[in-house]
Amino acid sequence: MNKLTGKIILVESSPHMSMVDIDVEGDVFSSIVLETPATASYLKQGKLVALVFKETEVSIGKNLSGLISLRNRFKATIKGLERSEILTKVFLNYKSHPIISIISTRSAQKLSLTEGDSIEWLVKTNEVSLLKEDE
Amino acid sequence: MIKLRIKNEMHTPQGKEWLDLDLSIAKGEFITLFGQSGAGKTTFLRILAGLTQPQEGFIEVDGEIWFDSQKRINLPIQQRKTGFIFQENCLFPHMTVRENLEYACADKKEQGSIEEWIVAMGLKGLEGQKPDKISGGQKQRVALIRALISRPKILLLDEPLSDLDMNARLKLQDEIIRVYQKTRITTVLVSHDLAEVFRLSKKVFVIERGKITKSGSPSEVFVNNDLSGKFKFTGEIIEIQKDGVLNILTLSIGNNITKVVASDEEMSGLTIGSRVIVAAKAFNPIILKA
């Protein structure tokens with residue numbers, strides 16, 4: 001499980017769900033949750049929250065161009081790789097925070113990922129859970 | 001309303017422990033005591049029923065003092081009006097189903113309701129049988145009627161379903177829900193089956209080594225509400241298989257066995273037997289008609 005901490009900067013709600021924008025050291029992350037400020041007290045501007053997402057939901061892009069629907073897209077460097085038959089674990093350095101991505105070994109080979117590479121990592125808004133942080 | 005404050009020494013495999021409880025249960029509430037064996041759950045029921053006398057304390061039920069160690073009040077079992085169902089059925093083996101019920105019915109005026117209960121609990125046709133001729137689930141249904149027939153103020157259920165197979169267990173859970181909805185009798189269930197706790201009770205007290213460590217609704221107590229995930233369950237790890245960079249966990253969740261993957265980082269501090277919360281975003285699961 002990857003975990004980053006940030007501050008809520010915007011909550012946009014429909015009757016049952018919200019799109020939450022969170023500032024993590026200058027980058028804006030988005031998360032969609034089946035909550036609204038009425039059902040979850042922590043959904044307020046200025047509140048500290050942790051963003052959690054599974055390693056297997058983190059995609060990796062190299063030299064990305066064109067348009068993509070994913071809003072959560074950030075720059076990082078590869079710190080290391082651990083390869084196994086089907087899957088490869090990619091250790092990333094994102095603003096000095098460790099992020100792990102688990103992708104198929106085929107993809108890792110296709111992208112010829114190597115230590116030190118500058119890449120972009122991506123995670124869909126509906127894969128990011130929010131965890132209330134004690135302030 | 002039950003108000004209770006008791007202290008009693010318990011002898012457990014880990015040595016001497018104090019059962020030290022201070023709690024109140026609203027009239028008509030269905031609560032569960034949840035905890036490991038030896039935590040003090042059964043002792044609590046026995047104290048409430050008057051089968052065990054605590055060293056110290058005070059029990060008040062609907063304004064009536066049942067026990068007060070300072071004033072030396074200790075209401076005898078017969079006057080406490082509790083219905084008790086134990087884990088193993090305690091029907092008289094030499095009596096038929098009907099005779100067992102008649103024997104329990106101290107008030108002769110209530111005898112007329114025996115037939116009504118027999119029909120309501122699906123035991124019609126079995127009333128002439130001795131207990132060894134009926135199934136475990138049927139025996140516990142007889143025990144349930146027997147506990148209710150004298151119109152107790154409190155129903156005490158000491159893991160009454162734990163010896164039953166899954167089908168009989170679910171069926172008897174339904175009966176207990178039905179009886180509770182009909183009678184609204186204050187009910188205290190002892191259980192260490194999470195699915196049962198969630199299904200039956202609105203409030204749960206967790207007892208660990210003689211003390212209440214948590215209380216609240218089952219989801220407040222067992223589910224971490226600080227996480228936004230809506231697809232969220234509590235389960236137990238029963239198998240861990242390493243495959244490449246991932247671990248495949250087999251989990252027992254309620255009555256289901258599921259598998260999820262976890263990274264080594266997520267696995268830190270977890271072993272077989274660990275209780276875990278499994279959560280996914282509500283957007284991920286696909287739904288198929290069963």
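This is a short walk through a two-chain model, from chain B to its contact with chain A.

Okay, hi everyone. One thing before we start: what you see is a predicted model. Let's take chain B first. Its secondary structure adds up to nine helices and 15 strands. The chain has 290 residues, and 32% of them are buried. What about contacts along the sequence? If you take the contacts in chain B between residues at least 6 apart in sequence, 66% of those join residues at least 24 apart.

Now, the sheet I'd like you to find. In chain B there's an open sheet of four strands, and reading across, the order is β14-β13-β12-β15, with antiparallel pairing. Which strands stand at the edges? Those are β14, residues 256-263, and β15, residues 275-280, both in chain B. Each has a single partner strand, so one side of each is left without a neighbour in the sheet. Neighbouring strands here are turned against each other by 50 degrees on average, direction ignored.

As a quick reminder, strands of a sheet pair through backbone hydrogen bonds, either parallel or antiparallel. Let's zoom in on one pair. Strand β12 of chain B, residues 231-243, runs antiparallel to β15(B), and the two pair over six bridges. If you want a spot to click on, try T234(B): its bridge partner in β15(B) is I277(B).

Next, the inside. The largest nonpolar core has 53 residues, and the ones touching the most other members are L48(B), L156(B) and V188(B). Which helix gives this core its largest share? That's α5 of chain B, residues 136-148, with six residues.

Let's stay with L156(B) for a second. Leaving out neighbours within four places in sequence, L156(B) is in contact with L45(B), L48(B), A49(B), T82(B), G83(B), F84(B) and V188(B). So that you don't miss the other one: apart from this core lies another, of 29 residues, including I22(A), L51(A), L92(A) and V123(A).

Last stop, where the chains meet. The contact takes 22 residues from chain A and 16 residues from chain B. On the chain A side, β7 (87-94), β8 (97-104) and β10 (129-132) each supply at least two residues. Which element gives the most? It's β10(A), with four residues. And what kinds of residues does chain A bring to that side? They divide into 10 nonpolar, five polar and seven charged.

That's the tour, thanks!

Terms used
Residues numbered from 1 in each chain as written. Chains lettered and ligands numbered in written order. Predicted model: local features only at pLDDT ≥ 70, side-chain atom pairs only at ≥ 80, totals over all residues. Pairing = 2+ DSSP bridges. Axes fitted to C-alpha atoms, helices over the stretch in contact; angles between N-to-C directions. Core = buried A, V, L, I, M, F, W, Y, C linked by C-beta atoms within 7 Å. Buried ≥ 20, exposed ≤ 12 C-beta atoms within 10 Å, placed from the backbone. Contact = placed C-beta atoms within 7 Å. Nonpolar A, V, L, I, M, F, W, Y, C, P; charged D, E, K, R; others polar.
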